[in-house]
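This report describes one protein chain and the two ligands modelled with it. Please look over the sequence and the structure below before reading on.

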Amino acid sequence: MSAPVAVPGPTGTLTPLALGTAVVVRVPATSANLGPGFDAFGLALDLCDEVRAEVGPGGVRVRVEGHGAAALPTDGRHLVARVLLEELAASGFSVPGLDLVCRNVIPHGRGLGSSASAIVAGLAAARALLRAAGVVEETDEQTRQRLLTESTRREGHPDNAAPAVHGGFTIAWSRGEDPTRPDTVSSVRLPVHPHVRAVVCVPAEELATSRARALLPATVPHADAALTAGRAGLLVHALTSAPALLLDATEERLHQAQRAPAMPRTAQLLADLRAAGLAAVVSGAGPSALVLTTAERVPEVERIAGVLGGWEVHDRPVHHRGVQWRTD
Ligand SMILES: Nc1ncnc2c1ncn2[C@@H]1O[C@H](COP(=O)(O)OP(=O)(O)OP(=O)(O)O)[C@@H](O)[C@H]1O
Ligand SMILES: N[C@@H](CCO)C(=O)O
């Protein structure tokens with residue numbers, strides 16, 4: 001990993017970027033864990049938020065369209081704005097003002113990685129502004145590595161950050177004693193078998209990731225860890241080469257049953273889908289469900305979710321490109 005090249009201002013001061021510099025960023029939703037790959041596996045979904053950032057004359061103004069429009073702050077406390085400004089400052093730059101437009105289609109608090117995507121979007125917008133202004137020189141690969149490291153440092157979930165940054169099916173890992181302050185964060189992206197569809201079933205209710213994490217036990221039986229490790233290995237093979245193995249490969253014993261009391265409707269949906277032979281798992285920390293299947297079985301997912309009621313079903317292709325940015 002190479003450090004990004006930045007041009008800092010004189011010690012203690014920040015150099016302002018030119019008024020009117022503008023960029024657009026698109027970032028996908030992600031589904032973490034995929035069953036046995038707890039805290040490591042992730043998949044990018046073709047459901048993308050878009051952020052337009054422009055250096056303005058003064059103050060921070062945020063217009064939010066779509067999810068969170070009624071609830072999110074519209075000033076410098078907005079997550080994307082805050083991350084963007086902090087990332088500029090970390091490279092020695094500031095802006096006289098910031099105008100952001102956020103078009104949100106990723107539902108919040110549903111296990112689709114909205115917070116990681118928002119952080120990746122803020123970081124990507126900052127790097128894109130610096131690149132557009134010609135004050136940093138870094139390759140796309142260096143930019144993406146910085147986004148992965150910084151978003152993990154801020155949010156703690158490389159399993160969401162890696163697919164948001166790189167697209168596709170990713171396996172992420174960190175080095176260092178404290179996983180919330182890793183020394184390095186790495187990921188690999190593997191090719192998903194072209195027949196695999198990612199269907200997400202999204203409920204109306206939210207579940208904060210912090211609440212879902214509080215339900216995890218401190219230790220698990222050795223047999224459960226052993227089964228889950230074996231299934232994680234099998235899932236790599238199933239997702240990349242053998243979709244017929246997805247049902248067995250998505251079995252796990254580390255987190256879904258433990259969190260079921262916080263999402264009983266999700267537990268019921270998973271039980272019904274799996275009884276029908278569909279590879280259903282909790283998406284991230286829930287309460288959405290992710291079904292890894294093939295095109296001909298999508299109507300079955302819709303039928304089973306429809307019988308239970310209260311689920312929005314999105315049949316989404318895998319998103320292969322990860323976060324994208326351009327000058328506007
Ligand atoms: N696009 C966004 N803009 C601003 N804030 C956001 C955005 N997306 C998410 N957030 C913040 O993150 C919170 C949701 O974070 P949380 O980690 O609980 O859920 P999630 O990221 O959607 O799910 P998971 O991490 O389980 O996949 C929202 O309530 C909001 O405060
Ligand atoms: N692996 C994390 C993902 C959170 O988005 C969890 O399940 O808690």
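## Sheet, domains and ligand shells

In this predicted model, one open sheet contains 4 strands in the order β12-β13-β11-β14, and the pairing is antiparallel. Its edge strands are β12 (279–282) and β14 (311–316), each of which pairs on one side only. From one strand to the next, the twist averages 25 degrees. Strands of a sheet may pair in a parallel or an antiparallel way, and in both cases they do so through backbone hydrogen bonds.

One pair in this sheet can be followed in detail. Strand β11 (residues 196–203) and strand β13 (residues 289–294) are joined over 6 bridges in the antiparallel sense. Within β13, Leu 290 is the residue that stands opposite Val 200. A helix also belongs to this picture: α10 (residues 298–308) lies across β11, β13 and β14. With respect to β14, helix α10 runs at about 170 degrees.

The whole chain comes next. The protein chain has 10 helices and 15 strands. Its C-alpha trace spans about 60 × 40 × 35 Å along the principal axes. How does the radius of gyration of the protein chain agree with that of a compact globule of 328 residues? Such a globule would have a value near 20 Å, and the protein chain has 20 Å, so the two agree.

The chain is divided into two parts, domain 1 (5–188 + 319–327) and domain 2 (196–316). Domain 1 is thus written as two stretches, 5–188 and 319–327. The C-alpha centres of domain 1 and domain 2 lie 27 Å apart. In the contact between them, 21 residues come from domain 1 and 27 residues from domain 2. On the side of domain 1 that touches domain 2, β3 (22–32) and β4 (41–56) each supply at least two residues. The largest share of that side comes from β4, with 4 residues. Sorted by class, the side of domain 1 that touches domain 2 has 10 nonpolar, 9 polar and 2 charged residues.

The ligands can be described by the residues around them. Ligand 1 has 24 residues around it, and those that come nearest are Ser 114, Ser 115, Ala 118, Gly 284 and Ala 285. The elements α1 (79–90), β7 (97–104) and α2 (114–132) each supply at least two residues of this shell. Which element gives the most to the shell around ligand 1? That element is α2, with 4 residues. Domain 1 and domain 2 each provide at least three residues of the shell around ligand 1.

Ligand 2 has 13 residues around it, and Ala 32, Asp 39, His 157, Gly 284 and Ala 285 come nearest. Two or more residues of its shell come from each of α4 (158–166) and α5 (209–214). Here α5 gives the most, with 3 residues. The shell around ligand 2 draws at least three residues from domain 1 and at least three from domain 2. Gly 284 and Ala 285 are listed among the nearest residues for ligand 1 and also for ligand 2.

The table sets out the classes of residue in the two shells.

| Shell | Nonpolar | Polar | Charged |
|---|---|---|---|
| Ligand 1 | 10 residues | 12 residues | 2 residues |
| Ligand 2 | 4 residues | 6 residues | 3 residues |

Two details of the backbone remain, and each sits in a loop. What kind of peptide bond joins Gly 286 and Pro 287? The bond is cis, and omega is about 10 degrees. Pro 287 lies in the loop between β12 and β13, and these strands both belong to the open sheet described at the start. The other detail concerns Asn 33, which has a positive phi of about 80 degrees although Asn 33 is not a glycine. Asn 33 is found in the loop between β3 and β4, and those two strands supply residues to the side of domain 1 that touches domain 2.

Technical notes:
Residues numbered from 1 in each chain as written. Chains lettered and ligands numbered in written order. Predicted model: local features only at pLDDT ≥ 70, side-chain atom pairs only at ≥ 80, totals over all residues. Near = placed C-beta within 6 Å. Nonpolar A, V, L, I, M, F, W, Y, C, P; charged D, E, K, R; others polar. Domains from an automatic or database assignment. Pairing = 2+ DSSP bridges. Axes fitted to C-alpha atoms, helices over the stretch in contact; angles between N-to-C directions. Contact = placed C-beta atoms within 7 Å. Rg over C-alpha atoms; globule rule 2.2 N^0.38 Å.
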